[in-house]
Amino acid sequence: MALAVGIRGLTRSLLRPWVRVPGPARGRTEPAAGGGDGVRCFGSPRVLVEPDPAAGFAVMKMRNPPVNSLSLEFLTELLISLEKLESDKAFHAIILTSDCPGIFSAGLDLMEMCGRDPTHYAEYWKAVQELWLRFYLSHLVVISAINGVNAAGGCLLALSCDYRVLADNPKYAMGLNETLLGIIAPFWFKDTLVNTVGHRTAERALQLGLLFPPAEALQVGMVDKVVPEDQVLSAARSELAQWLAIPGHARQLTKSLMRKPTADRLLKERDADIQNFVRFISRDAIQKALRVYLEKLKQKKT
Ligand SMILES: CC/C=C\C/C=C\C/C=C\C=C\CC(=O)SCCNC(=O)CCNC(=O)[C@H](O)C(C)(C)COP(=O)(O)OP(=O)(O)OC[C@H]1O[C@@H](n2cnc3c(N)ncnc32)[C@H](O)[C@@H]1OP(=O)(O)O
């Protein structure tokens with residue numbers, strides 16, 4: 001089986017060049033994330049970046065409506081935004097949030113894992129791995145301002161951040177709910193959760209596919225702070241000050257010390273993990289389970 005093209009190849013084939021604030025805000029000079037004037041937002045169709053270079057950070061807003069499902073194109077755009085901020089010395093931090101009301105992310109895009117061929121599954125999974133590795137190991141401080149429901153792959157993305165603020169709305173549950181779909185959280189999803197909440201909580205949460213409402217997410221340590229909905233971004237910004245006050249090299253090396261062993265587990269067996277995923281997701285029973293789940297999502301509207 002031909003394994004995936006690299007993410008950079010992917011990038012070339014899928015992405016338009018950087019564009020200035022597509023959509024409603026196109027061409028406007030918006031106030032920067034931290035309130036600075038005259039700094040232009042930039043981004044790609046599905047990721048809006050509001051830079052505040054004077055304050056050293058940018059707000060990265062996910063906007064892949066309706067539910068910020070992590071399609072291949074969206075993953076690629078998130079990676080490019082991250083790469084662009086990482087390579088600019090003006091930026092030391094990112095606040096990751098959603099531009100889709102009530103939804104942080106519905107997780108991996110089920111349409112990418114259903115009814116496609118093995119080459120596509122491999123390409124998709126390589127992009128999912130890349131997203132996790134890049135966010136998990138980023139030298140930037142990454143804080144997620146979780147302003148909506150946040151399932152599975154979306155939760156993984158938040159767990160890859162250094163700090164999580166969650167909006168206090170009982171509808172905004174968050175967790176790795178893979179088993180509810182009849183699938184299994186890969187070992188590196190599991191490791192990321194264990195590193196955050198500990199083994200026992202992760203064991204129970206993963207088997208039962210638990211989605212934790214804010215108070216419980218805080219109690220088990222899945223998030224670090226729960227705040228009223230209209231204060232998620234400001235709380236993330238306030239928290240950032242503490243992280244940015246630490247000498248950068250010391251913080252970055254410490255982050256790497258804590259996270260590299262977990263990332264190395266995947267890096268050592270990346271191709272095998274892709275092949276496992278392709279084999280698993282191609283099984284008739286798994287394809288059927290995903291179709292049934294998608295159908296249920298659609299039916300709940302009627
Ligand atoms: C041996 C082991 C080896 C390897 C590992 C093996 C396997 C691991 C494989 C995969 C891991 C996957 C992790 C994932 O992330 S799976 C995705 C899990 N996500 C969910 O369960 C969330 C599903 N969505 C919802 O619950 C809801 O949509 C909602 C609560 C997020 C939002 O509810 P709303 O009522 O506001 O919106 P809806 O009407 O439900 O949805 C609108 C629209 O969007 C479609 N949709 C929703 N979620 C997804 C998705 N994840 N992917 C694609 N599409 C999605 C939904 O069907 C609606 O579509 P239509 O408008 O009806 O067309």
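# Briefing: buried spots, odd backbone angles and helix packing

Ala-152 counts as buried, since it has 25 C-beta neighbours inside 10 Å; the cut-offs are 20 or more other C-beta atoms within 10 Å for buried, 12 or fewer for exposed, and partly exposed in between, with C-beta atoms placed from the backbone. What you're looking at is a predicted model, where local features need pLDDT of at least 70, side-chain atom pairs count only at pLDDT 80 or more, and totals for chains, interfaces and linings use all residues. Residue numbers start from 1 along each chain as its sequence is written. The protein has eleven helices and ten strands, which are DSSP runs numbered from the N terminus (helices H or I, at least four residues; strands E, at least two).

**The whole chain**

- Of the 302 residues in the protein, 45% are buried.
- Among contacts with a separation of 6 or more, 72% link residues 24 or more positions apart; two residues are in contact if their C-beta atoms, placed from the backbone, lie within 7 Å.

**Helix α4 and Ala-152**

- Ala-152 sits in helix α4, which covers residues 152–159.
- Its phi is near 40 degrees, a positive value for a residue other than glycine.
- Helix α4 is mostly covered, with eight of its eight residues buried.
- Besides Ala-152, that buried set includes Gly-153, Gly-154, Cys-155 and Leu-156, and then Leu-157, Ala-158 and Leu-159.

**The loop between β3 and α2**

- Pro-66 lies in the loop that joins β3 (57–62) to α2 (72–86).
- The peptide bond from Pro-65 to Pro-66 is cis, and its omega is near 10 degrees.
- Asn-68 is found in the loop between β3 and α2 too.
- Asn-68 isn't a glycine, yet its phi is positive, at about 50 degrees.
- Asn-68 is also buried, with 26 other C-beta atoms within 10 Å.

**Where α2 meets the loop after α3**

- Leu-82 belongs to helix α2 and is buried, with 21 other C-beta atoms within 10 Å.
- Setting aside neighbours within four places in sequence, Leu-82 is in contact with Arg-134, Phe-135 and Ser-138.
- Leu-82 and Leu-140 are 58 residues apart in sequence, and their C-alpha atoms are 9.2 Å apart in space.
- Ser-138 is in the loop between α3 (118–136) and β6 (141–146), and it counts as buried with 21 C-beta neighbours inside 10 Å.
- Seen from Ser-138, and again leaving out neighbours within four places in sequence, the contacts are Leu-82 and Glu-86.
- The C-alpha atoms of Ser-138 and Leu-85 are separated by 10 Å, although the two residues are 53 apart along the chain.

**Helices α5 and α9**

- Helix α5 (residues 187–197) packs on helix α9 (residues 248–268) at an angle of about 175 degrees, with the axes 10 Å apart.
- That makes α5 roughly antiparallel to α9, a label for angles over 145 degrees (under 35 is roughly parallel, 65 to 115 roughly perpendicular, the rest oblique).
- Axes here are lines fitted to C-alpha atoms, for helices over the stretch in contact, and angles run from 0 to 180 degrees between N-to-C directions.
- From α5, Trp-188, Asp-191, Thr-192 and Asn-195 meet Thr-262, Arg-265 and Leu-266 of α9.
- α9 bends by about 45 degrees at Arg-259, and Pro-261 follows within four residues; the bend is the angle between axes fitted to the seven residues ending there and the seven starting there.
- With 21 residues, α9 reaches 28 Å from its first C-alpha to its last, close to the 30 Å expected at 1.5 Å a residue; the expected span is 1.5 Å times one less than the number of residues.

**Just before α5**

- Ile-184 is in the loop between β9 (174–175) and α5, and it counts as partly exposed with 14 C-beta neighbours inside 10 Å.
- Ile-184 and Pro-214 are 30 residues apart in sequence and 24 Å apart in space, C-alpha to C-alpha.

**Helix α8**

- Helix α8 (residues 232–244) has 13 residues, which should span 18 Å at 1.5 Å a residue, and its end C-alpha atoms are indeed 18 Å apart.
- Val-232, Ala-235, Ala-236, Arg-237, Glu-239 and Leu-240 are buried in α8.
- The buried residues of α8 pack against five strands: β3, β4 (93–98), β6, β8 (163–167) and β10 (225–227).
- For reading such patterns, an α-helix has 3.6 residues a turn, so residues three or four places apart point the same way.
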